[in-house]
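Me: I've got a structure open and want to talk it through before I set anything up. Can you walk me around it?

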Amino acid sequence: MVPTSIILWLFLVSPFLWYCCMANEEVTCSWKVPMRQRREVISIKDFGGVGDGKTVNTWAFRKAVYRISHMRRIGGTMLHVPPGVWLTGSFNLTSHMTLYLAKGATLKATQDTRNWPLMDPLPSYGRGRELPGGRYTSLIHGNGVRDVIITGEKGVIDGQGEVWWDMWRRRTLRYTRPNLIEFMHSSDILITNIVLLNSPFWNIHPVYSSNVVIKYVSIFAPHDSPNTDGIDPDSSSSVCIEDTYISTGDDMVAIKSGWDEYGIAYGRPSYDITIRRVRGSSPFSGIAIGSEASGGVNNILVEDVSLYNTGIGIHVKTNVGRGGYIRDVTFKNVFMNNVRKGIRIVGDVGDHPDEYFNRYAVPRVDGVNIKDVWGVNVQQPGAIEGITSSRFTRICLNNVKLWGSRNMPWTCRDVTGAALGVQPWPCAELTTSFSEGYC
């Protein structure tokens with residue numbers, strides 16, 4: 001019997017050795033938004049910025065972005081943030097700009113929540129995600145912009161979310177908490193080579209956007225921080241997430257597309273999304289789809305992912321009232337260690353924005369392919385539980401090995417599909433062979 005220490009070493013180290021060996025042949029989608037060299041470089045110091053950790057630089061950042069927006073230099077402009085601690089409130093970005101955080105630079109959110117700006121709720125949600133009404137604006141925000149880069153030499157963006165988390169725990173929030181970075185109605189966005197800490201709410205939220213690349217990013221928040229999702233592509237398309245480490249208090253990556261009747265009415269799906277070479281941990285889900293998926297989700301590829309100390313490894317979640325669809329999803333080459341539940345595909349997850357949701361809006365889940373998955377210390381291999389009036393179809397498991405000490409069984413109902421080379425053996429609802437064109 002192979003010692004546990006050797007198994008853990010192989011689990012944690014071997015994927016990265018493989019990546020190193022294959023570096024010259026690395027598959028990537030990051031070409032969607034290439035790095036651009038800006039012809040003009042300005043410094044936040046040029047606008048009165050002071051990186052002493054005490055001076056609030058909100059006005060300096062807003063002046064710098066205003067200048068970039070109105071000068072419109074050919075090739076765009078880089079806003080350079082030198083080493084130091086740059087305290088700031090929320091500010092917007094503009095098109096054709098790069099926000100560059102030098103080595104040793106920390107952009108830190110102020111904790112003055114009383115003066116944090118408010119904005120309207122997303123139309124595909126109909127209200128704030130946490131509370132009725134509006135929502136607080138993200139620390140770094142872009143609306144209707146294109147050709148924007150956030151990068152640096154592993155510079156840090158610290159949301160100082162503790163004050164927001166405490167308000168959530170005490171139930172003293174008035175509106176939905178701010179994300180750390182959000183882009184709305186935007187395109188050609190690149191986020192790379194930065195570190196994100198302690199987001200008040202979701203970390204990176206591209207919504208109603210396209211051509212978004214997130215690569216070489218590290219995201220951290222305590223495991224008890226509420227709703228600090230890592231990356232949430234939402235009603236967005238052509239999104240590439242690669243080579244990123246995430247350890248937060250909620251889902252590492254969650255693909256969304258609107259909430260119940262509001263998402264159905266807005267009707268903008270999330271599609272053509274690739275998640276590759278992502279590693280991390282979460283008390284909730286590693287890679288999730290939903291539960292807010294009322295606008296539809298399709299054509300998703302998740303591959304070469306390593307998860308540890310996680311609640312649920314692969315999680316596809318929806319609910320009656322959501323409507324929409326989840327289809328043509330592929331998970332492959334996923335590694336898990338110390339996971340409560342390996343795979344969960346279910347139709348009874350998530351709350352509703354109000355009492356007006358359509359109780360007859362039943363989601364469709366079709367074409368979820370999960371192959372080459374290996375897990376150790378998995379407490380329960382999985383659950384695939386559809387909806388009686390809308391069975392989950394073409395759920396296909398191929399070469400899925402989820403080992404644990406408890407030998408707990410799979411749970412299945414209202415599902416059709418196939419399984420081949422699965423240990424422990426899943427459910428009678430899944431056939432033992434793949435028909436051509438089925439899986």
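What follows is a chat about confidence, empty space, a few buried residues and some unusual backbone angles.

Me: Start with confidence. What does the chain average in pLDDT?
Reply: This is a predicted model, and the chain averages a pLDDT of 93. Of the residues, 93% score at least 70.

Me: Which element has the lowest mean pLDDT, and which the highest?
Reply: Helix α1, residues 4–21, has the lowest mean at 39. Strand β15, residues 204–207, has the highest at 99. Over residues 1–23 the pLDDT is below 50, although that stretch still has 22 contacts in the model beyond near neighbours in sequence. Where pLDDT is low, the predicted coordinates should not be read in detail.

Me: OK, pockets. How much space lies in the largest one?
Reply: About 400 Å³. The lining has 21 residues, and those nearest the pocket centre are Arg129, Asn227, Asp250, Glu292 and Lys317.

Me: What's the lining like by class?
Reply: It divides into 10 charged, 6 polar and 5 nonpolar residues. Strands β19 (270–289) and β20 (297–317) each supply at least two residues of that lining, and β20 gives the largest share, with 3.

Me: How many cavities are there of 30 Å³ or more?
Reply: The structure holds 2. The largest has about 110 Å³ of space, and 15 residues line it. Closest to the centre of that cavity are Leu122, Arg129, Arg135, Thr176 and Phe201. Its lining has 6 nonpolar, 4 polar and 5 charged residues. Arg129 turns up in the lining of the largest pocket and in that of the largest cavity.

Me: Back to Asn227 from the pocket. Where is it in the chain?
Reply: Asn227 is in the loop between β16 (210–220) and β17 (237–247). Its phi is positive, about 60 degrees, although Asn227 is not a glycine. With a relative accessible area of 24%, Asn227 is partly exposed.

Me: Which strand residue has a positive phi of about 55 degrees?
Reply: Asp328, which is not a glycine and lies in strand β21. Asp328 is partly exposed, because its relative accessible area is 39%. For context, most residues other than glycine have a negative phi, and most peptide bonds are trans.

Me: Speaking of peptide bonds, which ones are cis?
Reply: One is the bond from Gly290 to Ser291, with omega near 5 degrees; Ser291 is in the loop between β19 and β20. Another joins Gln423 and Pro424, where omega is about -10 degrees. Pro424 is in the loop between β25 (415–423) and β26 (430–431).

Me: Switching to Asp260: buried or exposed?
Reply: Asp260 counts as buried because its relative accessibility is 0%. It belongs to helix α4, residues 260–266.

Me: What does Asp260 touch further along the sequence?
Reply: Leaving out residues up to four places away, Asp260 touches Ser294, Gly321, Arg322, Asp351, His352, Pro353 and Phe357. Asp260 and Gly323 are 63 residues apart in sequence, with 6.7 Å between their C-alpha atoms.

Me: And Asn319, where does that one go?
Reply: Asn319 is in the loop between β20 and β21 (325–346). At 12% relative accessibility, Asn319 counts as buried. Its contacts more than four places away in sequence include Gly347, Asp348, His352 and Pro363. So His352 touches Asn319 as well as Asp260.

Key: Residues numbered from 1 in each chain as written. Predicted model: local features only at pLDDT ≥ 70, side-chain atom pairs only at ≥ 80, totals over all residues. Heavy atoms only, no water. pLDDT = per-residue confidence, 0-100. Helix = DSSP H or I, 4+ residues; strand = E, 2+ residues; numbered from the N terminus. Contact = heavy atoms within 4.5 Å. 1 Å grid on protein atoms, 1.4 Å probe; cavity = no way out; pocket = protein on both sides within 12 Å on 5 of 7 lines; lining within 4 Å. Points joined across faces, edges and corners; volume = space filled by probe spheres on them. Nonpolar A, V, L, I, M, F, W, Y, C, P; charged D, E, K, R; others polar. Buried < 20%, exposed > 50% of the residue type's maximum accessible area, 1.4 Å probe, protein only.
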